[in-house]
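Here is a set of short questions on charged side-chain pairs. Each answer sets a value against its cut-off.

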Amino acid sequence: ELEGITDSLVDEIQSQKMLVSAENGTLQTQANLIVPGQIVEEIIAQFAHDEIARDNQVVTAPGSETFGFVADAAILRRVLTNALKNALEASPAGATVSVGFHREEANAVFWVRNPGQVPPEVRSQLFRRYFSTKGENRGLGTYSMKLLTEEYLKGRVSFESSPGEGTTFRVSLPLEARRAQR
């Protein structure tokens, strides 16, 4: 249990450091070969003994494809970790949260789906800094997902939420790294 708490604290510190660097424009990116199945397995394993997962099950979505592409693995890992953390926090005990990936045209698309629904009054504020439905000192997860994905991975983050379908966050990244504009 102590090891899990330590891992959570280290992860939170790394997350904050990455966010501060991203906001300051000093975050350095690295090009890594990413195999989606491997990165998704790592993220799912990270939550296996985490209190946040409670009695929930996290699975790789059926239909996920095997392929590779180049992007910054550490930043992508942070974005997907935040998406999964939010999905678990928004899920009732006993729920199944799925993480999937596939190619869609010239993009690698990752998604995290949970059975919960985002209330209509929350949707327009979801990606704002410090906006949270979970209390004070929160609200950096979806904000950092959007900042890191759009500014550093040159992709897009979106979500859909509806009764019966639940909520799906999508992270769409170019299969070929886009060069910085000069």
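Q: Where do K146 and E150 lie, and how many residues apart are they?
A: In this predicted model, both sit in helix α5 (residues 141-152). They are 4 residues apart, about one turn of the helix.

Q: Why is the contact between K146 and E150 called a salt bridge?
A: The N to O distance is 2.8 Å. The cut-off is within 4 Å, for a Lys or Arg nitrogen and an Asp or Glu carboxyl oxygen, so the pair qualifies.

Q: What makes K146 and E150 partly exposed?
A: K146 has 28% relative accessibility, and E150 has 29%. Buried means under 20% and exposed over 50%, so both fall in between.

Q: Why do E42 and R77 count as a salt bridge?
A: Their closest N and O atoms are 2.9 Å apart. That lies within 4 Å, so the term applies. The pair links distant parts of the chain: E42 is in helix α2 (residues 36-46), R77 in helix α3 (residues 73-89), 35 residues apart.

Q: Why is E42 called partly exposed?
A: Its relative accessible area is 42%. Exposed needs over 50% and buried under 20%, so E42 is neither. R77, at 27%, is also partly exposed.

Q: How do you know that R170 and E104 form a salt bridge?
A: The closest N and O atoms are 3.0 Å apart. The limit is 4 Å, so the pair passes. R170 in strand β7 (residues 166-174) and E104 in strand β4 (residues 96-104) are 66 residues apart.

Notes: Residues numbered from 1 in each chain as written. Predicted model: local features only at pLDDT ≥ 70, side-chain atom pairs only at ≥ 80, totals over all residues. Heavy atoms only, no water. Salt bridge = Lys/Arg side-chain N within 4 Å of Asp/Glu carboxyl O. Helix = DSSP H or I, 4+ residues; strand = E, 2+ residues; numbered from the N terminus. Buried < 20%, exposed > 50% of the residue type's maximum accessible area, 1.4 Å probe, protein only.
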